[in-house]
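Reader: I'm in my first year and would like a close look at one part of this protein. Could you take me through its salt bridges and the places they sit in, starting from the overall picture?

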Amino acid sequence: MRPLEVGIETDLGGLNYGSYLHLDTLLSAQRPLSDHHDEMLFIIQHQTTELWIKLVVHELRSAMLLISQDSLGPALKRLALVKHIQQQMTDQWSVLATLTPTEYAQFRGVLGKSSGFQSMQYRLLEFLLGNKNPAMISVFAHHPQQQQTLQSALDAPSLYDEFLLFLHRRGYPIPAELVTRDWRRPHTLNQSLVDVFAAIYAAPESQWDVYETCEELIDVEDTFQTWRFRHLKTVERIIGFKRGTGGSSGVSFLRRALDLTFFPELYAVRTQIGQNP
């Protein structure tokens, strides 16, 4: 038997690993409503995703604040972390995908009308990224604090808006209607802004920090959409084309979400680059 090293703490009174992480609370939050073995997997998968989303929101808010303070370098560090978190979230779907349709059907009924559609944190994440939808506010009327959190995000500039405001302060010819617009409305494609990005991509060496930020934003959207796609395929694999527990059309509903884009001009400019005038 290997003896404990001299100096290792064995008196765990006061602050220790378990109390610092509140493990008593965390590990007691898994409360299956059935006696089916795989419901524990289902619960932990979704709870873990909520924790990762909490961290993504934390990092995005920090990035947005830094951009608003013209501190682009540290903001890029935050965005780089966001895409790594999103990759973790995507890889998690392979764990849930081990759940077979037969196994899930045996405890799906205990979920009632519970659905990921009802995740406040997910809606907050979409608002921060720019997919603003005022109709979602009423969904959380049962929880005034969550509703206020969403309302505040709805009323404020998104990540993309903050970047465009930064470019405006830097002297780029950002269209005036994008600088003073109603932040509650989702951003839509603006051809004049595509031209601004085309000029940035035509001369990256002279404006590398801005050029790199454009690519970091694309990374964030790409990894987010990859997560969405793996969600769709996991749902299709487990329940086929049944309606979702929350009343949505299920796979069809998730597929339509793939058509949404947060940063349309950063994708549109790719078509324009390299074309003959």
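Author: Happily! Let's begin with one term: two residues are in contact when they have heavy atoms within 4.5 Å. With that in hand, consider the contacts in this protein with a separation of 6 or more: residues 24 or more positions apart account for 71% of them. Please keep in mind that what you are looking at is a predicted model.

Now for the overall picture. The protein has 13 helices and zero strands, so you can read the order of elements from the N terminus as α after α, right to the end. Along the principal axes, the C-alpha atoms fill a box of roughly 70 × 55 × 40 Å. Of the 277 residues, 42% are buried. The accessible surface comes to about 15,500 Å², and carbon and sulfur atoms hold 57% of that.

Before the charged pairs, a quick look inside. In soluble globular proteins, nonpolar side chains tend to be buried together. Here the largest nonpolar core has 71 residues, and those touching the most other members are L60, L159, L167, I174, F197 and L266. Helix α11, which covers residues 208-239, gives the most to this core, with 11 residues. Take F197 as an example: leaving out residues up to four places away in sequence, its contacts are Y160, F163, L164, L167, C214, E265, L266 and V269.

Now to the charges. There are 25 positive and 30 negative ones, and their mean positions are 7 Å apart. A search of the whole structure finds 12 salt bridges, and three of them make a good tour.

We start with R169 and D70, whose side chains meet at 2.8 Å, N to O. R169 lies in helix α8 (residues 159-170), while D70 is in the loop between α3 (39-68) and α4 (72-96), so this salt bridge ties together parts that are 99 residues apart in sequence. How covered are the two partners? R169 has 41% relative accessibility and counts as partly exposed, and D70, at 43%, counts as partly exposed too. Both values fall between the 20% and 50% cut-offs, which is why neither residue is called buried or exposed.

D70 deserves a second glance for its backbone. Most residues other than glycine have a negative phi. D70, however, has a positive phi of about 60 degrees although it is not a glycine. H22 is another residue other than glycine with a positive phi, near 50 degrees. The place of H22 is in the loop between α1 (17-20) and α2 (23-26), and H22 is exposed, with a relative accessible area of 54%.

The second pair also involves helix α8. R181 forms a salt bridge with D161, and their closest N and O atoms are 3.1 Å apart. This pair links distant parts of the chain: D161 is in helix α8, and R181 is in the loop between α9 (176-179) and α10 (191-202), 20 residues apart. Here the surroundings are covered: R181 counts as buried at 15% relative accessibility, and D161 is buried with a relative accessible area of 2%. Because buried means under 20%, both partners qualify.

The loop between α9 and α10 also holds N190. N190 is buried, with a relative accessible area of 11%. Not counting residues up to four places away in sequence, N190 touches P175, E177, L178 and E265. You have met E265 already, as one of the contacts of F197.

The third pair is D182 with R184, where the closest N and O atoms are 3.0 Å apart. D182 is partly exposed, with a relative accessible area of 32%, and R184 is partly exposed at 43%. Elsewhere, salt bridges that share partners join K83, E216 and D219 into one network.

Let's finish with E216 from that network. E216 lies in helix α11, the helix that gives the most residues to the largest nonpolar core. E216 is buried, with a relative accessible area of 10%. Which residues does E216 touch, leaving aside neighbours within four places in sequence? They are L76, L79, A80 and K83. E216 and R78 also show how the chain folds back: they are 138 residues apart in sequence, with their C-alpha atoms 10.0 Å apart in space.

Note on methods
Residues are numbered from 1 along each chain as its sequence is written. This is a predicted model: local features need pLDDT of at least 70, side-chain atom pairs count only at pLDDT 80 or more; totals for chains, interfaces and linings use all residues. Side-chain values use heavy atoms; hydrogens and water are left out. Helices (H or I, at least four residues) and strands (E, at least two) are DSSP runs, numbered from the N terminus. Buried means under 20% relative accessible area, exposed over 50%, partly exposed in between (1.4 Å probe, protein chains only). Accessible areas come from the Shrake-Rupley method with a 1.4 Å probe; for residues, only the protein chains shown count as cover. Lys and Arg count as positive and Asp and Glu as negative; His and the chain ends are not counted. The place of a charge is taken as NZ of Lys, CZ of Arg, CG of Asp or CD of Glu. A nonpolar core is a set of buried Ala, Val, Leu, Ile, Met, Phe, Trp, Tyr and Cys residues joined through side-chain atoms within 4.5 Å. A salt bridge is a side-chain nitrogen of Lys or Arg within 4 Å of a carboxyl oxygen of Asp or Glu.
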